[in-house]
Amino acid sequence: MSIYHAPLAEMRFVLDELAGLDQVAGLPGFEEATPDVVTAILDEAAKFATNVLDPLNAGGDREGAQRLPDGTVKTPAGFKDAYRQFCDNGWNGLIKSTEYGGQGLPHLLGTAVEEMWHSSNLAFNLCAMLTQGAIEAIALRGSKALKDRYLPNMVAGTWTGTMNLTEPQAGSDLAAVRARAVPQGDGTYQLFGQKIFITYGEHDYTENIIHLVLARTPDAPEGVKGISLFVVPKFLVNADGSLGARNDVQCVSLEHKLGIHASPTAIMAYGDHGGAIGYLVGEENRGLEYMFIMMNLARFSVGMEGVGISERAYQRAVAYAKERTQGKPVGAEKGATGAKIIEHPDIRRMLMTMRAQTEAMRAVAYVTSAAMDNAHRHPDAEARKRHQAFVDFMIPIVKGCSTETAQEIASLGIQVHGGMGFIEETGAAQHFRDARITTIYEGTTGIQANDFIGRKTARDGGAVARVVADEMDKVAQELARHGEPNLKAIGARLAEGVAAVRAAAAWIVPANGANPRAAHAVAVPYLMLWGLVTGGWQLGRGALAAQKHLSTGIGDARFLVAKIQTARFYAEALLPKAAGLAQAVTASGDATVALPAEQF
Ligand SMILES: Cc1cc2nc3c(=O)[nH]c(=O)nc-3n(C[C@H](O)[C@H](O)[C@H](O)COP(=O)(O)OP(=O)(O)OC[C@H]3O[C@@H](n4cnc5c(N)ncnc54)[C@H](O)[C@@H]3O)c2cc1C
């Protein structure tokens, strides 16, 4: 039986040594983020994850959310109460603006906390995550009246939020959205249409649900430039803030799905009984633009889902590997008794792969999160711009690569369990099933990769890609110059990895314009190559920091040595794949699209 324990020492190391929590906490507006507060928050979050959320995870998966005949939705046993505790403890508003009742703490701290929620109970946390997205949309572009009416309750968690983008014919391509919004002449609109796959579109946690809905007004132009964003509450809100009439929005069914069973995925019908009242956010026809502003946050959070599930799958695999006896240790004396499977070198390979990739993805994500705080709050405008460029470049990497890697890690978690991994009662299979959605929602990996080669690499002629590669090279050189043999070895492999991303970027920039079908055919390998090498970069930085502490005798030596060994494993076992990926990027595009569709 494996119980989730937040990897606090590792999280602190990444926060302090790699992401620069000290510097972030010193940014204007983060005065509350004192070292004591940070420690208390991480400790309390870890307890909540272990004691409240983790014990509900398997039961939630078995029971699932159910739609009752009256159209309401019942969440699994214990979830409603856990949600109440979650809000009572202030977790919902941790990083939200103090203006609407939040605590205004750094996104970086919220990232570590969010990882714990994803690890312990992904299906539970989706509700809070989608509410964050809806809060963000209203906070960014809503009128003062909308903000005052909705944000205090949403930040407190008394009301939850949803994002209603997808329709049957409009998934990756939101230009195809058809839901209609008809102005009523009094400043309100009536909405009509169907939205599918709406996470927590209906549930029993709270009395009201605030839907953020993409729809078209009657004279809107075709395509992406004709989509507007609306607030559509389940219950209308009276001028005094009390709840009024039931709005014309219904959950007509719930999807049966592969994973995240406790999270209701709803088909929502708007306007079947005369029209759902909605309120415009910002200006007409700019809805998609607003969604894109928010997208960084949402995509980042899904990337963190990948990190969280990977950590949980790793912890469960380690627990089993220490418990299960099978076979004899390789090279053991004749007559030796059975070994715990953790003694088998191949099990070590799998555990080290899981561990190193999880640590790499975590470090990449936390460093990106720190840049998000700096992009908003740094006092110097040039620095804000620089950090924003880095964030924009890294978001598809965090989203695309953390979630793709989570598939491999959750799958290895099953393999470590052998046959028992395939049997539901161990819990390894749930992680595998739950992880599967993360590469799909908030933009599939293919969509992330298209963004990465186009807007993030080619549009500026590869300028930001080169800046990041230069930073990685500096770390590679520092490692390679180091007298400590482990660090030297890491530096050599990292330098090869950086050479691979440079070669791939140099091919992508012209190919995106000159041979776009070939460039798009290798967009995912190109994205994964960057994920692999930026992971090595951050683990290399971690190895340097660990070595520094070891040489001064400060810190837990066992932990620090493990950081260096894990970075060396990553460098020697995983980073060599970079050269192969670069070769695939620069050579395989034409072959990928050579066959005509009818030959498939
Ligand atoms: C459990 C779950 C929860 C969800 N929650 C929400 C939610 O809360 N709100 C919401 O609005 N939506 C939600 N979604 C919808 C989700 O965001 C979409 O499923 C996702 O964006 C993909 O769209 P699609 O399913 O229509 O796939 P499609 O767009 O049809 O894609 C099918 C395949 O084609 C590929 N593809 C499509 N276009 C391109 C392209 N231009 N280039 C390369 N490849 C391409 C995709 O990568 C994919 O492999 C949820 C979905 C699920 C399953």
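Me: Which of the 19 residues around the ligand come nearest?
Reply: Around the ligand stand 19 residues, each with a heavy atom within 4 Å of the ligand. The model is predicted: local features need pLDDT of at least 70, side-chain atom pairs count only at pLDDT 80 or more, and totals for chains, interfaces and linings use all residues. Residues are numbered from 1 along each chain as its sequence is written, and side-chain values use heavy atoms, leaving out hydrogens and water. The nearest residues are Met163, Thr166, Ser172, Phe197 and Thr444.

Me: At what distance from an oxygen atom of the ligand is an N or O atom in the side chain of Ser172?
Reply: The ligand's polar contacts (N or O pairs within 3.5 Å) include a polar backbone atom of Leu165, 2.8 Å from a ligand oxygen. A side-chain N or O atom of Thr444 is 2.7 Å from an oxygen atom of the ligand. For Ser172, the distance is 2.6 Å.

Me: Which strand gives the most to the shell around the ligand?
Reply: Strand 3 (159-164), strand 5 (188-199) and helix 12 (445-458) each supply at least two residues of this shell. Such elements are DSSP runs numbered from the N terminus (helices H or I, at least four residues; strands E, at least two). With 3 residues, the top contributor is strand 5.

Me: How do helix 12 and helix 16 lie to each other?
Reply: Helix 12 packs on helix 16 (residues 523-552) with axes 8 Å apart, at an angle of about 80°. Axes are lines fitted to C-alpha atoms over the stretch in contact, with angles from 0 to 180 degrees between N-to-C directions. Angles of 65 to 115 degrees count as roughly perpendicular, under 35 as roughly parallel, over 145 as roughly antiparallel and the rest as oblique. The arrangement of helix 12 and helix 16 is therefore roughly perpendicular.

Me: Which residues of helix 18 meet helix 14?
Reply: The axes of helix 14 (residues 485-514) and helix 18 (residues 577-587) come within 8 Å and cross at roughly 10°. The two helices are therefore roughly parallel. In contact (heavy atoms within 4.5 Å), helix 14 offers Gly497, Ala500, Ala503, Ala504, Trp507 and Ile508. From helix 18 come Ala578, Ala579, Ala582, Val585 and Thr586.

Notes
Polar contact = N/O pair within 3.5 Å; in protein donor to acceptor, adjacent residues only side chain to side chain.
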